[in-house]
Amino acid sequence: MLVLSQYVEQHYAARLLAGRTEGLGYLLKDRVSEVADFLESLERVRTGGTVFDPEVVRQLLARTTHADPLSKLSPREAEVLRHLAQGLTNAAVAARMHVSLSTVEKHVNAIMDELDLPRDPGYSRRVLAILRFLDS
């Protein structure tokens with residue numbers, strides 16, 4: 001399969017690489033200027049090789065080098081955030097984890113700080129944290 005695209009779509013490129021490992025390619029249309037090079041790329045993919053535009057590779061590597069913001073969380077904080085994302089209140093999280101309510105509140109505050117969530121009265125830091133969790 002050879003993808004010929006106008007621009008790099010990281011999500012699709014990553015999905016392409018996550019599947020089969022042979023006969024793959026992702027080229028950018030505006031960088032395919034020589035017919036002979038394009039035909040060589042087609043042949044390489046047809047015979048089981050791979051062809052990726054250097055810009056596609058650069059962007060995929062850049063994507064993987066950005067740290068996952070949730071990786072800053074301790075295992076306990078990650079567990080609290082997972083419960084929050086399920087819609088549980090702090091009291092329900094405390095009961096489920098067999099800890100005190102104040103312990104959960106401390107974890108929630110630490111989560112907000114670790115994720116560098118803004119202290120803006122127009123936003124719910126709790127909702128922003130859950131959105132980050134769901135986006136990861």
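Here is a short tour of a predicted model, stop by stop, with what to select at each one.

**Stop 1: the loop after E1**

Start by selecting Gln 6, which sits in the loop between strand E1 (2-5) and H1. Show what surrounds Gln 6: setting aside neighbours within four places in sequence, you will find contacts with Leu 28 and Lys 29. Now add Met 112 to the selection and draw a C-alpha to C-alpha distance from Gln 6. These two residues are 106 apart in sequence and 38 Å apart in space.

**Stop 2: Ala 18 in H1**

Next, move along to helix H1, residues 10-18, and pick Ala 18. Is Ala 18 buried or exposed? Ala 18 counts as exposed, because its relative accessibility is 64% and the cut-off for exposed is over 50%. Keep Ala 18 selected and add Leu 28: their C-alpha atoms are 19 Å apart, with the two positions 10 residues apart in sequence numbering.

**Stop 3: a nonpolar patch**

Turn on the surface and select Val 35, Leu 39 and Leu 42. Together they make a nonpolar surface patch with about 270 Å² of accessible area. Zoom in on Leu 39, which belongs to helix H2, residues 35-46. Leu 39 is partly exposed, with a relative accessible area of 49%.

**Stop 4: Glu 77 in H4**

Now go to helix H4 (residues 75-85) and select Glu 77. Which side chain of opposite charge is nearest to Glu 77? That is Arg 76, at 9.9 Å, and Glu 77 is buried yet has no salt bridge. For scale, a salt bridge here calls for a nitrogen to oxygen distance within 4 Å. Show the residues that touch Glu 77, leaving out those up to four places away in sequence: Lys 72, His 107, Ala 110, Ile 111 and Glu 114.

**Stop 5: the two sides of H7**

Finish with helix H7, residues 125-135, and colour Arg 125, Ala 129 and Ile 130, which are buried. Why do they count as lying on the same side of H7? They cover an arc of only 140° around the axis, so they share one side of the helix. The general rule behind such patterns is that an α-helix has 3.6 residues a turn, so residues three or four places apart point the same way. Bring H4 and helix H6 (101-114) into view, as both are among what covers the buried residues of H7. Then rotate to the other side of H7, where Leu 134 and Asp 135 are exposed.

Technical notes. Residues are numbered from 1 along each chain as its sequence is written. This is a predicted model: local features need pLDDT of at least 70, side-chain atom pairs count only at pLDDT 80 or more; totals for chains, interfaces and linings use all residues. Side-chain values use heavy atoms; hydrogens and water are left out. Helices (H or I, at least four residues) and strands (E, at least two) are DSSP runs, numbered from the N terminus. Buried means under 20% relative accessible area, exposed over 50%, partly exposed in between (1.4 Å probe, protein chains only). Lys and Arg count as positive and Asp and Glu as negative; His and the chain ends are not counted. Contact means heavy atoms within 4.5 Å. Patches are made of residues with over 30% relative accessible area and no salt bridge: like charges are joined within 9 Å, nonpolar side chains (Val, Leu, Ile, Met, Phe, Trp, Tyr) within 5 Å. Accessible areas come from the Shrake-Rupley method with a 1.4 Å probe; for residues, only the protein chains shown count as cover. The arc is that of the directions from the helix axis to the C-beta atoms.
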